[in-house]
Amino acid sequence: MDDVDGEEMPGAIVEPFLEREEGARALLRELERLAVEGRHEEVRERVRDLAQNNESVFYTVAFSLTNSRQFFGDVEAQLDVTAADRLRDIAETFPSLAEPFNIVRTEIAEDRHNPVTDTSYTVTYHHAVESPMVTYRPRSGDVELYESSGTPSELLGVSTDLAAATTDALDVALENDYSVNTEELSALIDRREELETELSKLRDQLDELRRTPVNDE
């Protein structure tokens, strides 16, 4: 289902939601409890199930949690102020659920799965192998996708594979005359510049390490 548009929207999804509001709020309370307990993967799966099995409830909650004035205004215009106020209360009562609903909505709209929103990492040193070690954890919202540890060269291997996948994807677009939207193109340019900055720093570090005597003890 596309974002709210057309003459029948948002009334077409809000009216079925209002008929099931009590059950929907019970589900939201359960999801909030799971989130507080740190069971974020379960929250994500439950939200996906809701999107698959009850689009009206899912999209009404998802749009309500964006706290969009336009959405609430459209509800007032097509239904009434009372209906809009009931949805505003969803946004005020369950703000912690905005992220999982937004991510699942992105998955559906853009054919994505667990989009990475952040990557945290820690750096240590392993004396036995004489190398720094990096432990990194890609996250999709509150969901930690996985944890992996490796040497800097191993991480660069992963980065090289991802860079190759990126250029392959762009080759497909170029070969088929597919367009790349302005926002994505701008983001790609920014990421490329950031990557070039890090690679320049890496070259300097490698030059310095080459000049540093190896401790053979």
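Two strands pair if DSSP finds at least two bridges between them. Keep that in mind for the hairpin. One caution as well: this is a predicted model.

So, the strands. Strand β1 covers residues 118–126, and 9 bridges join β1 to β2. The two run antiparallel. Look at Y121 in the structure above. Across from Y121, in β2, stands Y136. β1 and β2 make a hairpin, with 4 residues between them. E130 sits in that turn, and E130 has a positive phi of about 50 degrees.

Stay with β2 for a moment. β2 spans residues 131–140 and contains R137. The side chain of R137 meets that of E147 in a salt bridge, 2.9 Å from N to O. This pair links distant parts of the chain, with E147 in the loop between β3 (143–144) and β4 (148–150). R137 and E147 are 10 residues apart. Is R137 buried or exposed? R137 has 19% relative accessibility, and the cut-off for buried is under 20%, so R137 counts as buried.

Now the core. The largest nonpolar core has 33 residues. F17, L28, L31, F58, V61 and F101 have the most contacts inside it. Seven elements are on the list of those that give two or more residues: α1 (11–19), α2 (21–36), α3 (40–53), α4 (55–65), α5 (69–78), α6 (81–93) and α7 (98–110). Which helix gives the most? That is α4, with 7 residues.

Take L28 as an example. Leaving out residues up to four places away in sequence, L28 touches V61, I90, F94, L97 and F101.

Next, a serine. S64 is found in helix α4. S64 is at 0% relative accessibility, so S64 counts as buried. What does S64 touch, not counting residues up to four places away in sequence? The contacts are F71, F72, L87, I90 and A91. I90 is also on the contact list of L28.

On to charges. The whole structure has 18 salt bridges. I will pick out a few.

First, E21 and R25. Their closest N and O atoms are 3.0 Å apart in a salt bridge. Both residues lie in helix α2, and because they are 4 residues apart there, about one helical turn separates them. E21 is buried, and R25 is buried too.

Second, R48 and E107. Their side chains meet in a salt bridge, 2.7 Å from N to O. Here the pair links distant parts of the chain: R48 is in helix α3, E107 is in helix α7, and 59 residues lie from one to the other. R48 is buried, with a relative accessible area of 14%. E107 is buried as well, at 7%.

Then there is a network. Salt bridges link E30, R33, E37, R39 and E42.

Last stop, helix α9. This helix runs over residues 182–211, and D207 is in it. Where does D207 fall on accessibility? At 34%, D207 counts as partly exposed. Its side chain makes a polar contact with the side chain of R210, at 2.8 Å. For a sense of distance, take D207 and Q78. They are 129 residues apart along the chain, and their C-alpha atoms are separated by 66 Å.

To recap three places to click on. Y121 opposite Y136 in the hairpin. S64, buried in the model. And the bridge from R48 to E107. Over to you for questions.

Key. Residues are numbered from 1 along each chain as its sequence is written. This is a predicted model: local features need pLDDT of at least 70, side-chain atom pairs count only at pLDDT 80 or more; totals for chains, interfaces and linings use all residues. Side-chain values use heavy atoms; hydrogens and water are left out. A nonpolar core is a set of buried Ala, Val, Leu, Ile, Met, Phe, Trp, Tyr and Cys residues joined through side-chain atoms within 4.5 Å. Buried means under 20% relative accessible area, exposed over 50%, partly exposed in between (1.4 Å probe, protein chains only). Contact means heavy atoms within 4.5 Å. A polar contact is a pair of N or O atoms within 3.5 Å; within protein, one must be able to donate a hydrogen and the other to accept it, and residues adjacent in sequence count only if both atoms are side-chain atoms. A salt bridge is a side-chain nitrogen of Lys or Arg within 4 Å of a carboxyl oxygen of Asp or Glu.
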